[in-house]
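Q: I would like to learn how to read the helix packing and the buried positions in a model like this one. Where should I begin?

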Amino acid sequence: MTKSTYGFVRRSAPEPRTGVYELYWTFASRRQAAFEARLSGQQWPWSDDRILQIYKFCNVYRAADRVSQYMIRDVAYKEDSRVTASDRLFQIVAFRTFSRIETWEALTQQLGRAPCLEHLKSGEFESALNLAKVKHGGLYTGAFILCANKAFGFDEKHRNHVALFKHMFLVDACADKLLSALSLQAIVKTLETYPLIGPFMAYQIAIDLNYSNLISFNENDYTQAGPGALRGLKKAFVSLGDFSPADAILWMVDRQEEEFRRLELPFNGLFGRRLHGIDCQGLFCELDKYCREAVPELTSARSRIKAKYASGGGEISLFFPPKWNLPANKVMKAVHTFGARDFGLHGHAVSNLRSAKHTNLAIRDLFS
């Protein structure tokens with residue numbers, strides 16, 4: 001019987017897939033080491049792992065990724081004495097819906113300040129979105145698959161989202177519901193009741209809200225596996241036993257120190273901060289991508305990594321929720337821009353994977 005510190009009790013633990021399960025921890029160690037190397041001012045490449053050199057992967061810690069960093073610094077904690085708690089919640093929900101920095105900056109420029117509920121009520125928010133769409137040719141990131149039905153009767157997706165925000169914050173007192181919620185799960189379930197917000201997007205928004213100083217729950221109180229994480233779980237485990245995907249993610253949270261120690265993998269966390277549920281969830285998504293190159297015989301609906309790594313070329317001043325008590329004002333140095341053609345590499349290149357036995361691991365089309 002397995003008992004987690006997070007409350008679930010299971011009799012049949014997940015059964016790791018030898019070699020691939022270890023890659024989960026190997027990837028986490030190497031990707032975080034690359035993050036730390038760049039932060040310390042080292043020049044590219046920050047890893048001798050050729051897959052990490054060629055392809056784009058998210059940071060080990062969700063809060064360290066570029067869009068999340070912008071959300072935390074320039075949305076959740078943007079100084080503006082006129083912003084109410086309800087305004088701030090609306091801003092966080094709206095930003096994550098689009099998840100595109102260019103869209104938010106266009107709105108802020110057009111409105112003269114970050115969007116607030118008065119802009120939503122007056123119609124200025126929608127007008128600014130219309131102009132941003134014309135100027136930039138799109139409003140949304142490709143990182144999330146959003147519900148795109150005409151829930152409020154409009155042909156254009158962004159107009160349905162404007163109607164959703166009006167319903168949430170001007171009609172249904174969503175801000176009051178979120179502020180009075182008693183758990184992270186309650187935040188997620190509240191968001192799930194609204195059209196156009198699916199379960200995984202509700203979870204992502206809940207995590208963003210929880211970064212703010214308005215809501216503060218333990219990130220390990222609740223987690224949810226997205227589509228990519230579900231693919232990663234299938235690759236890392238032969239069976240989940242009687243664990244749910246969420247249980248398996250929190251099981252990994254529990255085991256992190258033990259596994260890094262067992263595999264002799266360096267891992268210092270995020271300035272000492274442990275992996276939390278949202279991070280271990282994201283790592284399964286990144287494992288799914290990594291395995292497309294490292295273990296191509298583990299077939300799935302997606303057989304290649306689409307995004308090659310190329311530096312954006314700008315410095316990033318790291319900013320984390322002050323309540324985490326992490327070091328502030330750390331700067332990620334700029335590097336020259338490059339693309340995959342600079343590597344002169346072809347095929348599935350992996351260097352020094354720790355004791356990974358990948359032959360005959362999978363039956364073709366096992367994953368769908």
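**Reading the helix packing**

A: Begin with one pair of helices: helix 4 and helix 11 are oblique to each other, because their angle of about 135° falls in none of the ranges for roughly parallel, antiparallel or perpendicular. The crossing of this pair is right-handed. Keep in mind throughout that this is a predicted model.

Q: Which residues of helix 4 and helix 11 meet?
A: On the helix 4 side (residues 85–98) they are L89, I92, V93 and R96, and on the helix 11 side M201, I205, D208 and L209. Sorted by class, this contact holds 6 nonpolar and 2 charged residues, with no polar ones. The two axes are 10 Å apart.

Q: How many helices and strands does the protein have?
A: The protein has 14 helices and 6 strands. Of its 368 residues, 53% are buried.

Q: What share of the contacts with a separation of 6 or more comes from residues 24 or more positions apart?
A: Such pairs account for 74% of those contacts in the protein.

Q: At what angle do the axes of helix 7 and helix 8 cross?
A: Helix 7 (residues 124–136) and helix 8 (residues 157–171) cross at roughly 155°, and their axes come within 11 Å. An angle over 145 degrees counts as roughly antiparallel, so helix 7 and helix 8 are roughly antiparallel to each other. Their crossing is right-handed. Helix 7 contributes F125, E126, L129, N130 and K133 to the contact, while helix 8 contributes H158, R159, V162, F165 and K166. The classes here are 4 nonpolar, 2 polar and 4 charged residues.

Q: Is H158 buried or exposed?
A: Relative accessibility is the value to read, with under 20% taken as buried. H158, which lies in helix 8, is at 2% and therefore counts as buried. Its side chain makes a polar contact of 2.7 Å with the side chain of N130. Leaving aside residues up to four places away in sequence, H158 touches F98, L129, N130, K133, L139 and Y140.

Q: How are helix 13 and helix 14 oriented to each other?
A: Read the angle again: 65 to 115 degrees counts as roughly perpendicular. The axes of helix 13 and helix 14 cross at roughly 110° and come within 9 Å, so these two helices are roughly perpendicular. In the contact, I249, L250, M252 and V253 of helix 13 meet G277, C280, Q281 and F284 of helix 14. This contact divides into 6 nonpolar and 2 polar residues, with no charged ones.

**Reading burial**

Q: How many of the residues of helix 12 are buried?
A: For a whole helix, count the buried residues along its length. Helix 12 (residues 227–236) has 7 of its 10 residues buried, so it is mostly covered. The buried residues are G228, A229, R231, G232, L233, K235 and A236. They pack against strand 3 (15–16), helix 1 (20–39), strand 4 (237–239), helix 13 (245–262) and helix 14 (277–294).

Q: What does W104 touch?
A: Place the residue before listing its neighbours: W104 is in helix 5 (residues 101–111). It counts as buried because its relative accessibility is 2%. Residues up to four places away in sequence aside, W104 touches Y70, D74, V75, Q91, A94, F95, A114 and P115. For a distance along the backbone, take W104 and L139: they are 35 residues apart along the chain, and their C-alpha atoms are separated by 8.9 Å.

**Reading backbone angles**

Q: Where is A173, and what is its phi?
A: A173 sits in the loop between helix 8 and helix 9 (174–179). Its phi is positive, about 55°, although A173 is not a glycine. Since its relative accessibility is 34%, A173 counts as partly exposed.

Q: Is L196 buried or exposed?
A: L196 is buried, because its relative accessible area is 7%. L196 also has a positive phi, about 70°, without being a glycine. Its place is in the loop between helix 10 (184–192) and helix 11.

How values were computed. Residues are numbered from 1 along each chain as its sequence is written. This is a predicted model: local features need pLDDT of at least 70, side-chain atom pairs count only at pLDDT 80 or more; totals for chains, interfaces and linings use all residues. Side-chain values use heavy atoms; hydrogens and water are left out. Axes are lines fitted to C-alpha atoms, for helices over the stretch in contact, and angles run from 0 to 180 degrees between N-to-C directions. Helices (H or I, at least four residues) and strands (E, at least two) are DSSP runs, numbered from the N terminus. Angles under 35 degrees count as roughly parallel, over 145 as roughly antiparallel, 65 to 115 as roughly perpendicular and the rest as oblique. A crossing is left-handed if the near helix is turned anticlockwise from the far one by less than a right angle, and right-handed if clockwise. Contact means heavy atoms within 4.5 Å. Ala, Val, Leu, Ile, Met, Phe, Trp, Tyr, Cys and Pro count as nonpolar, Asp, Glu, Lys and Arg as charged, and the others, Gly among them, as polar. Buried means under 20% relative accessible area, exposed over 50%, partly exposed in between (1.4 Å probe, protein chains only). A polar contact is a pair of N or O atoms within 3.5 Å; within protein, one must be able to donate a hydrogen and the other to accept it, and residues adjacent in sequence count only if both atoms are side-chain atoms.
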